[in-house]
Amino acid sequence: MSVTVKVPAKVNLQLGVGPLRDDGYHDLVNVFHAVSLFDEVTVTPGPLAVTVAGASVEGVPTGPDNLAAKAVVRLAGHLGRAPEASVHIEKAIPVAGGMAGGSADAAAALLACARLWEADVPLPVLMDLAADLGSDVPFALLGGTAVGLGRGERLTPLSCEGEFHWVFALADGGLSTPAVFAECDRLRAAFEAEAGWPHESPDLLAALASGDAKALGAALTNDLQPAALSLRPSLGRTLAAGREFGALGELVSGSGPTCAFLAADAEHAAELAAALAEAGVARALAAATGPVPGAHVLS
Ligand SMILES: C[C@@](CO)(OP(=O)(O)O)[C@H](O)COP(=O)(O)OP(=O)(O)OC[C@H]1O[C@@H](n2ccc(N)nc2=O)[C@H](O)[C@@H]1O
Ligand SMILES: Nc1ncnc2c1ncn2[C@@H]1O[C@H](COP(=O)(O)OP(=O)(O)O)[C@@H](O)[C@H]1O
């Protein structure tokens, strides 16, 4: 018997970053949006092991550091049983790309093992286990569009009308999330910019609720973007190219280095992806739509 869970990537439509907390995290206003780039995680009975396959899986650990393995151990500990599951990850979400691929795999492994072990784990408990594994993990279970407060784990679903069309410019190599948050703090200190308390953007919420892509494009913001650009200046060219080719909006996804571009419709997305590929400003381009559901069992 095996269980397969399909789980989406995310892009952050608003990432408001507050001051550094005593515990090393930052309070966020994090508007998550699940998009149609998916990993598939299959668990089979057996000793704990992780295998990973996919077009670009460099840097994904296959030992106990893999977030999916940590999820297996965490759930087994909660249930008071041995962490017996062999995990296989089919990876399409870019690695260390600011699209929460590791978090997605952790969420998928939680759900898959709960099913494999026939354990009745209520959703709020699964969400708490997910939050222990990482700030982005609960959203991968929920999917759709949602705002995350605290370190991003306290989620409230948002009303989102229709479907939005995205193009993602994938970069060579990743960016480390802690390094990007640290660079954000460094830049704020260097420019004596006080980190204010972030607030949800009313323009963004209205654009989502009405399904207005043009208004959404104008409302996209990411407080980590200056830090990602400081660590990876070439992203400036990528973002400028998308703007030049008529994207409705563009931003770095989370801690980067993936850049996200909003298109008017599927045809516009295909044109935008082709123009960005031609300009040579990305390792690869991927078109996707959002919102899509969170982690769910396939078999
Ligand atoms: C920035 C975001 C935006 O959604 O994602 P990515 O773009 O990396 O995917 C998240 O906040 C990343 O969440 P996640 O990748 O789960 O991070 P965690 O494992 O919880 O934390 C890793 C490290 O990031 C920093 N961190 C994370 C979350 C937060 N609210 N404040 C922080 O300062 C801390 O240095 C922490 O030690
Ligand atoms: N299942 C996994 N998939 C991808 N990366 C993982 C996984 N487990 C652990 N990692 C580690 O987490 C780091 C961040 O990966 P990822 O979640 O893809 O990016 P991001 O935090 O930028 O969204 C990787 O560089 C890798 O070392």
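User: In this predicted model, is E118 buried or exposed?

Analyst: A residue counts as exposed when its relative accessible area is over 50%. E118 has 72% relative accessibility, so it is classed as exposed.

User: Where does E118 lie with respect to the helices?

Analyst: E118 is placed in the loop between α2 and α3, the latter spanning 123-133.

User: What is the phi of E118?

Analyst: The value is positive, near 50°, and E118 is a residue other than glycine.

User: Which secondary-structure elements flank A100, and what is its phi?

Analyst: A100 lies in the loop between β4 (86-91) and α2 (101-116). Its phi is positive, about 60°, although A100 is not a glycine.

User: Is A100 buried or exposed?

Analyst: The term buried applies under 20% relative accessible area. A100 has 17% relative accessibility and therefore counts as buried.

User: Let us turn to peptide bonds. How should omega be read for the bond between G256 and P257?

Analyst: Omega is about 5° there, and the bond joining G256 and P257 is cis. As for its setting, P257 belongs to the loop between β9 (249-252) and β10 (259-263).

User: What is the omega of the peptide bond from G290 to P291, and where does P291 lie?

Analyst: Omega is near 0° for the bond from G290 to P291, which is cis. P291 is found in the loop between β11 (284-290) and β12 (296-297).

Technical notes. Residues are numbered from 1 along each chain as its sequence is written. Chains are lettered from A and ligands numbered from 1 in the order in which they are written. This is a predicted model: local features need pLDDT of at least 70, side-chain atom pairs count only at pLDDT 80 or more; totals for chains, interfaces and linings use all residues. Side-chain values use heavy atoms; hydrogens and water are left out. Helices (H or I, at least four residues) and strands (E, at least two) are DSSP runs, numbered from the N terminus. Buried means under 20% relative accessible area, exposed over 50%, partly exposed in between (1.4 Å probe, protein chains only).
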